Each structure stands twice: as structure tokens, then as C-alpha cells.
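Q: Please take a close look at a single part of this model, and describe how that part is built and what lies around it.

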Amino acid sequence: MEHIGVRETVQFMGLTFNWETLCMTWLAMAIVIIISCLAVKSLSIIPKGWQNFIEIIVVWLHGQLENMMGKRGKMFAPFIVSLFLFLLTCNLLGLIPTLASPTNDLNTTLGLALLVVCMVHFFGLYFKGGHYIAHFFQPFPPFVIINMIEEIAKPITLAFRLFGNILAGEILIIVLLHLLPIWMPIPSVLWLGFSIFISCVHAVIFTMLSMAYLGNAVKE
């Protein structure tokens, strides 16, 4: 129990790296790539197997992109689908014994949140130019302070919401396994099922909020 939250780090060229998070991130990326390759290996008009699973996600996300981002949403489809699959895989990895979720590390969630926010401002300027900058001063110029605080809060809330919920779920599973005798697995199994549900929900929340932020910046 004393090792909860303690991470193995390595030093390289004067920098400190969380080795466990790096390995789990690479594993999550490999799983997403393998599943995607299996899904497109033998495409058929009537989907089955992995194609059916991926097709459900792609069709659902494409519908959300069109509703939230308009015509320009299609260009973000590869990023949004990849983001959702990566987050879902990361969140579920920590529920496997001896593995850990990359998203239980604030460095991972904050990095993803900063990526989304940087994309928001980049594409906002690309598509709208000066009009994008002007909207920070609406409805009155003094509101630029409030709008700037809101922009700073976006990556913080995105990162901490995902990080806190995934870490708390994994800690509670460990605590239950230590407190309950081996012949009482039902509470742990129930919490494991609930953690799977929470992992899926927070992958959806992070992805939907990313689409909403991008939609506000690029929508016509």
C-alpha cells in the first residue's frame, strides 16, 4: 500500500522520465494500432469482428463531429477517433493486474489537454484570423480578462478531471483487494465493473469536450 502513487523514474541527459508511464503509453499505442490493423485487414460490406467494433466508434464520432463542428469537422476525424481509442485503451489498462493506466499520471493527461488547446488556438487563427482574436474582447473589451482565465482553465480542468477519476478508481481497487478476504470477491468485482464504466465515460467526456473546444474555434 505504501507504493501507491510512487513511480519508477529514470534519468536521461539530465531529464527525469517516468518509466512506467512511458512503457504503458507505448503499450496503449501498440494496442490501438493492432486493433486498427485488424479492423481494416479484411473489410466487408457487412462488418464483423474488430471491423464492427471500430466502425461503431467511427460512425458515432463522425456524427458528433458534424453536429458540433460543422463542415470543417471532417478534417479532424482522424485525430478525434485516434484520441478516443487511445484514451479508452489507456483508461482500461490500469484495470489489468500488474499494469497501470498512463492516464493515472498527470503528465499524460496534461500533455493531451495542452495538445487540444494548442490546436484550438492554431486552427482558430488559421480559419478566422483577426475575428478569432476579437472574440476574446466580446461583449465588452474588459471581458478579455475573464476570457483569458477561461482559456487557462480549459487544459487544467481537462487534465485533472481525467487524471483524478482514473487514479482514484485504481487506488480503490487496490484498497478493496487488501481489505477484503479472498473469499469475498464480489465487492471488488462490482467495483471493477464500475471502473470499466467510468473509464469509458471519461474517455467520452474528454473527447466530447475536445470536439466542443475545437468546434467553437473552427465552426463557421
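A: In this predicted model, the buried residues of helix 1 pack against strand 2 (15-18), helix 2 (50-69), helix 3 (77-93) and helix 4 (106-128). The residues of helix 1 that count as buried are Thr21, Met24, Thr25, Ala28, Val32, Ile35 and Ala39. Helix 1 itself covers residues 19-41, and because each residue should add 1.5 Å, its 23 residues are expected to span 33 Å, which agrees with the 33 Å that separate its end C-alpha atoms. At the N-terminal end, helix 1 is capped by Asn18, of which a side-chain oxygen lies 3.2 Å from the backbone nitrogen of Glu20.

Two of the elements that helix 1 packs against, helix 2 and helix 3, can also be described as a pair. The axes of helix 2 and helix 3 come within 10 Å and cross at roughly 125 degrees, and since angles over 115 and up to 145 degrees fall in the oblique class, helix 2 and helix 3 are therefore oblique to each other. The crossing in which helix 2 passes helix 3 is right-handed. On the side of helix 2, the contact is made by Ile54, Ile57, Val58, Trp60, Leu61, His62 and Leu65, while helix 3 contributes Ala77, Ile80, Val81, Phe84 and Leu85.

Technical notes. Residues are numbered from 1 along each chain as its sequence is written. This is a predicted model: local features need pLDDT of at least 70, side-chain atom pairs count only at pLDDT 80 or more; totals for chains, interfaces and linings use all residues. Side-chain values use heavy atoms; hydrogens and water are left out. Helices (H or I, at least four residues) and strands (E, at least two) are DSSP runs, numbered from the N terminus. The expected span of a helix is 1.5 Å times one less than its number of residues. Buried means under 20% relative accessible area, exposed over 50%, partly exposed in between (1.4 Å probe, protein chains only). Contact means heavy atoms within 4.5 Å. A polar contact is a pair of N or O atoms within 3.5 Å; within protein, one must be able to donate a hydrogen and the other to accept it, and residues adjacent in sequence count only if both atoms are side-chain atoms. Axes are lines fitted to C-alpha atoms, for helices over the stretch in contact, and angles run from 0 to 180 degrees between N-to-C directions. Angles under 35 degrees count as roughly parallel, over 145 as roughly antiparallel, 65 to 115 as roughly perpendicular and the rest as oblique. A crossing is left-handed if the near helix is turned anticlockwise from the far one by less than a right angle, and right-handed if clockwise.
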